[in-house]
Amino acid sequence: MKIKFKHFFKEELTIHEIQDALEEGEITSKELVMYYLDRIAKFDQEGPMINSVLEINPDAIFIAEALDHERKTKGARGLLHGIPVLLKDNIETNDFMHTSAGTLALENHLSKHDAFLVEKLRVSGAIILGKSNMTELANGMSSTMWAGYSSRGGQVLNPYGSDLFVGGSSSGSAVAVASNFTVVSVGTETDASILSPAIQNSVVGIKPTVGLISRTGIVPFTYSQDTAGPFARSVTDAAILLGAMTGVDKLDAASLKSEGISKHDYTVFLDSKGLKGARIGVFNNAFEDFYTSGEYDEKLFLKVIQTLNEEGAEIVENIEIPSFKRDWSWGVPIYELKHSLGNYLSQLPHYIPVHSDTELIQFNKQNEQKTLKYGQNKLEFRESLPNTLRNPEYLNAKLEDLYFSQEMGIDYTLKKYNLEAILFPSYIGSTISAKAGYPSIAVPAGYIDSGRPFGVTFAGTAFSEGVLIKLAYAFEQATKQRVCPEFT
């Protein structure tokens with residue numbers, strides 16, 4: 001049976017458009033949820049089989065009805081009142097949905113708590129629509145695993161072409177937004193896991209300063225670099241979602257330093273003239289293999305720089321970041337995943353079949369037809385490591401990461417050239433920003449001849465999200481580059 005929806009419902013809806021329609025009584029949040037469920041059924045689970053959504057919240061329609069009633073009787077709570085949001089499958093929710101990080105071993109895991117960011121979203125009136133597919137264990141499973149694949153959910157496809165790289169590990173969160181299966185979504189990043197799929201799927205992704213959004217209730221990869229962040233089709237919607245998730249959490253030490261610094265409303269930085277007078281450094285000195293990877297287009301990148309100039313920015317080209325090409329140690333993620341994931345698994349309910357990395361490895365071996373399509377060499381390598389964070393390799397790597405990414409990296413370059421931000425093609429700046437714990441925002445910047453999305457990243461120092469949003473918004477308004485993918 002074909003369901004008929006009101007003329008209002010269309011692709012690329014924005015939060016402001018939806019709120020206006022809700023306030024005028026033109027639509028309801030219940031109808032909005034039903035519209036996205038219809039699209040998920042038609043295009044994500046049938047048709048082109050995009051496969052970005054892993055699980056639907058069975059209470060989503062009931063929650064929408066309650067929020068519609070509240071709007072009528074008390075008024076809206078804010079801009080996210082009645083707005084559907086998808087969450088990456090490593091973010092815990094205390095409801096009927098599971099939190100598995102894409103693993104079969106955790107497919108029946110029901111959390112007894114909402115992640116701190118989920119609590120914030122519920123208070124804001126957002127509707128948790130479901131969980132999105134992801135690269136299994138946030139790409140902590142296998143060095144050969146394709147981005148967007150999980151043994152529980154299968155392979156996420158790029159809506160701009162099934163043969164195009166989808167990016168990861170927050171693949172489903174980015175793809176669901178790009179494909180108009182939700183209004184906005186939440187992903188997580190350790191290194192490139194928000195920026196990469198945002199670029200590959202032509203959406204806006206914000207990787208915040210570590211600690212701006214609490215990590216409590218997120219299946220961990222590292223202690224040092226993990227953060228959640230928003231995906232949206234516009235900088236405005238990404239800024240709205242970001243503000244709703246910030247806040248000091250006494251259970252997360254990283255969030256304590258954000259007190260008095262974090263904002264609950266990042267829309268105040270949305271300035272279409274925000275590039276005027278802004279001093280931006282252009283970094284285009286990546287590794288050679290990047291330029292032949294298919295992710296770079298010189299004409300498009302030069303066009304970005306031209307636009308920034310035309311909008312009044314002061315461009316400093318060919319800047320140097322002293323530590324960018326250093327041989328970064330991977331000691332931090334190697335040791336911290338072992339420790340953090342082990343701690344997480346040990347606290348799972350008794351009905352879950354694994355409570356350590358060793359048990360997880362054995363479970364996968366016992367179910368290898370379903371779980372080991374790409375093997376588990378990353379897990380097996382870490383199994384032999386000591387489960388304490390005192391190893392000299394780890395300690396030295398942690399100290400070096402901070403020194404070379406901050407003092408001899410982002411902060412050094414910003415100070416030397418007197419910059420507000422650094423512009424990177426694609427997401428080549430993800431590693432140095434991730435190791436520094438510093439923010440970045442990815443925005444669409446056109447399409448390569450093959451139809452592959454191209455984007456750029458603005459990066460800055462700690463808690464410079466407002467500056468980056470200002471620059472990205474002004475660039476977005478000057479270019480309006482995003483084009484909706486077409487499904488047949």
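**Exercise 1. Find which residues threonine 413 touches beyond its close sequence neighbours, and say whether threonine 413 is buried or exposed.**

Step 1. Leave out anything up to four places away in sequence; threonine 413 then touches Ile319, Glu320, Ile321, Pro322, Leu419 and Ile422. Keep in mind as you look around that this is a predicted model.

Step 2. Now place the residue: threonine 413 belongs to helix H14.

Step 3. Check the accessibility. Threonine 413 comes out at 0% relative accessibility, and the cut-off for buried is under 20%. So threonine 413 counts as buried.

**Exercise 2. Work out how helices H4 and H7 are oriented to each other, and which residues make the contact.**

Step 1. Know what to look for: two packed helices are described by the angle between their axes and the distance between the axes.

Step 2. Get those two values. H4 covers residues 116-124 and H7 covers residues 235-245; they pack at an angle of about 110°, and their axes are 8 Å apart.

Step 3. Compare with the cut-off: angles of 65 to 115 degrees count as roughly perpendicular. That is why H4 and H7 are described as roughly perpendicular to each other.

Step 4. List the residues. H4 brings Leu117, Lys120, Leu121 and Ser124, while H7 brings Leu241, Ala244 and Met245.

Step 5. Sort them by class: the contact of H4 with H7 has five nonpolar residues, one polar and one charged.

**Exercise 3. H7 also meets helix H16. Decide how these two helices run relative to each other.**

Step 1. H16 spans residues 465-479, and its axis comes within 9 Å of the axis of H7, with a crossing angle of roughly 160°.

Step 2. Angles over 145 degrees count as roughly antiparallel, so H7 and H16 are roughly antiparallel to each other.

Step 3. Who meets whom? On the H7 side you'll find Val235, Thr236, Ala239 and Leu242; on the H16 side, Glu465, Ile469, Ala472, Tyr473 and Glu476.

Step 4. The class tally for the contact of H7 with H16 is six nonpolar, one polar and two charged residues.

**Exercise 4. Go ring hunting: how many aromatic pairs does a search of the whole structure find, and what do some of them look like?**

Step 1. The search finds 22 aromatic pairs.

Step 2. Take phenylalanine 8 and phenylalanine 9. Their ring centres are 5.6 Å apart with 80° between the planes, which makes the pair edge-to-face. Both phenylalanine 8 and phenylalanine 9 are buried.

Step 3. Next, tyrosine 149 and tyrosine 374. This pair is edge-to-face too, at 5.0 Å centre to centre and 70° between the planes. Tyrosine 149 sits in strand S4 and tyrosine 374 in the loop between helix H12 and helix H13, so the pair links distant parts of the chain, 225 residues apart.

Step 4. Compare the two partners' accessibility. Tyrosine 149 has a relative accessible area of 9% and is buried, whereas tyrosine 374, at 22%, is partly exposed.

Step 5. Zoom out a bit: ring pairs link Phe5, Phe8, Phe9, Tyr35 and Tyr36 into a cluster.

**Exercise 5. Which rings do lysine 325 and arginine 326 sit over?**

Step 1. Lysine 325 has its charged end over the ring of phenylalanine 287, 5.8 Å from the ring centre.

Step 2. Arginine 326 lies over the face of phenylalanine 404, at 4.0 Å from the centre of that ring.

**Exercise 6. Describe the surroundings of glycine 102 and lysine 88.**

Step 1. Place them. Glycine 102 is in the loop between strand S2 and H4, and lysine 88 is in strand S2.

Step 2. Look at the spacing: 14 residues separate them in sequence, and their C-alpha atoms are 9.4 Å apart.

Step 3. Ask about exposure. Glycine 102 is at 0% relative accessibility and counts as buried; lysine 88 has a relative accessible area of 0% and is buried as well.

Step 4. List contacts, skipping neighbours within four places in sequence. Glycine 102 is in contact with Asp89, Met134, Glu136, Ser150, Ser151 and Arg152. Lysine 88 touches several residues, including Lys131, Ser132, Met134, Ser169 and Val186.

**Exercise 7. Is asparagine 387 buried or partly exposed, and what does it touch?**

Step 1. Asparagine 387 lies in the loop between H13 and helix H14.

Step 2. With a relative accessible area of 39%, asparagine 387 is partly exposed.

Step 3. Not counting residues up to four places away in sequence, asparagine 387 touches Lys338 and His339.

How values were computed:
Residues are numbered from 1 along each chain as its sequence is written. This is a predicted model: local features need pLDDT of at least 70, side-chain atom pairs count only at pLDDT 80 or more; totals for chains, interfaces and linings use all residues. Side-chain values use heavy atoms; hydrogens and water are left out. Axes are lines fitted to C-alpha atoms, for helices over the stretch in contact, and angles run from 0 to 180 degrees between N-to-C directions. Helices (H or I, at least four residues) and strands (E, at least two) are DSSP runs, numbered from the N terminus. Angles under 35 degrees count as roughly parallel, over 145 as roughly antiparallel, 65 to 115 as roughly perpendicular and the rest as oblique. Contact means heavy atoms within 4.5 Å. Ala, Val, Leu, Ile, Met, Phe, Trp, Tyr, Cys and Pro count as nonpolar, Asp, Glu, Lys and Arg as charged, and the others, Gly among them, as polar. Rings of Phe, Tyr and Trp (its six-membered ring) pair if their centres lie within 6.5 Å; planes under 30 degrees apart count as stacked, over 60 as edge-to-face and the rest as tilted. Buried means under 20% relative accessible area, exposed over 50%, partly exposed in between (1.4 Å probe, protein chains only). A charge sits over a ring if NZ of Lys or CZ of Arg is within 6 Å of the ring centre and within 35 degrees of the ring normal.
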